[in-house]
Amino acid sequence: MRNEQLKNSDTKNTINNYCEPKKNKNCYIVCGPEGSGSAFVAKVISFATGHCDFFGQYSGYGYNSKNACENLVLHRSLPYMRPKKFQDSLIAEIAEFSSIYERVNYILTTRDKNCSIFSKIKRFGGTLKEAEADYIAASPFFAQLTNDDNCFIWSYESMLLLGKPYFLRMYRFFGIKSHFYPEVYDGNISYIIKNHQIYRLHD
């Protein structure tokens, strides 16, 4: 277990920190469109695997460890960081992980497109046109990930509908022994209400 608070290590850690001989079995790469809940899912996996002492010890951004370890988690929304980085950078990291870990696991986070885009704009700014362009640019990579047998497709809306059984289903998929169920809330409702009000103005 790691006792120190884990910080976002994007600016300090690169894949060069992980060029050790293959010693560990599992790592997890969590990715999805910005605003899809990918950081939240990364935090969940890091805690459920036993890497963290408490939920939230890992921020959900970048790596959950400064060194190669069992149950390493890497979160990359696409795009990620500013200036924006896209799938080319992530593909290079995946290639390195494949040489280090016996199994590279993927969690592809999905969410209603409009809710995801509006959440992204609220947090990072930018225009609707830019956000839609980012979404389209990353989509082929996400589609490619679904062909990997070790990819679990996470749905924000399924989480809201199913609750704890959905988390347990994900754990079983990866062979994680955990019953952890974090507190969840409906982050879509504010965007749905807002859009409904906008549409009514145009009726």
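This is a guided tour of the structure, moving from the whole chain to its open and enclosed spaces and then to one helix.

The model is predicted, so local features are given only at pLDDT of at least 70 and side-chain atom pairs only at pLDDT 80 or more, while totals for chains, interfaces and linings use all residues. Residues are numbered from 1 along each chain as its sequence is written, and side-chain values use heavy atoms, with hydrogens and water left out.

**Whole chain**

Begin by selecting the protein chain and showing it as a cartoon, which has 7 helices and 5 strands; helices (H or I, at least four residues) and strands (E, at least two) are DSSP runs, numbered from the N terminus. Followed along the sequence, the pattern is β-α-β-β-α-β-α-α-β-α-α-α. Of the 203 residues in the chain, 46% are buried, where buried means under 20% relative accessible area, exposed over 50% and partly exposed in between, with a 1.4 Å probe and protein chains only. Contact means heavy atoms within 4.5 Å, and of the contacts with a separation of 6 or more, 70% join residues 24 or more positions apart.

Next, colour the chain by pLDDT, the predictor's confidence in each residue, from 0 to 100. The mean is 88, and 84% of the residues reach 70 or more. Select residues 1-13, where pLDDT stays under 50 and the model has 37 contacts beyond four places in sequence, and then residues 198-203, where pLDDT also stays under 50 but the model has 0 such contacts.

**The largest pocket**

Now select Gly-35, Gly-37, Tyr-61, Ser-119 and Arg-123, which are the closest to the centre of the largest pocket among the 32 residues that line it. Its volume is about 760 Å³. On a 1 Å grid over the protein atoms alone, a pocket is an open set of points with protein on both sides within 12 Å along at least five of seven lines, a cavity is a set where a 1.4 Å probe fits but cannot get out, and lining residues have an atom within 4 Å of a point. Grid points are joined across faces, edges and corners, and a volume is the space filled by probe spheres set on the points.

Adding helix H1 (38-48), strand E3 (72-78), helix H3 (113-124), helix H5 (156-162) and helix H7 (189-201) displays the elements that give two or more residues to this lining, and H3 provides the largest share, 5 residues.

**The largest cavity**

The whole structure holds 2 cavities of 30 Å³ or more, and the largest has about 40 Å³ of space. To find it, select its lining, namely Pro-33, Glu-34, Leu-78, Pro-79, Ile-117, Lys-120, Ala-131, Asp-134 and Tyr-135. H3 and helix H4 (128-145) each give two or more residues to this lining, with H4 giving the most, 3 residues.

**Helix H6 and Phe-173**

Finally, select residues 164-174, helix H6, in which Phe-173 lies. Buried in this helix are Tyr-166, Phe-167, Leu-168, Met-170, Tyr-171 and Phe-174, and these residues pack against strand E1 (24-33), H1, strand E4 (101-110), strand E5 (151-155) and H5. Phe-173 itself is partly exposed, because its relative accessible area is 27%. Beyond its neighbours within four places in sequence, Phe-173 is in contact with Arg-103, Asp-149, Asn-150, Cys-151 and Phe-152. A distance drawn from the C-alpha of Phe-173 to that of Asn-150 spans 8.5 Å, although the two are 23 residues apart in sequence. The tour ends at Gly-175, which follows H6 and has a positive phi, near 75 degrees.
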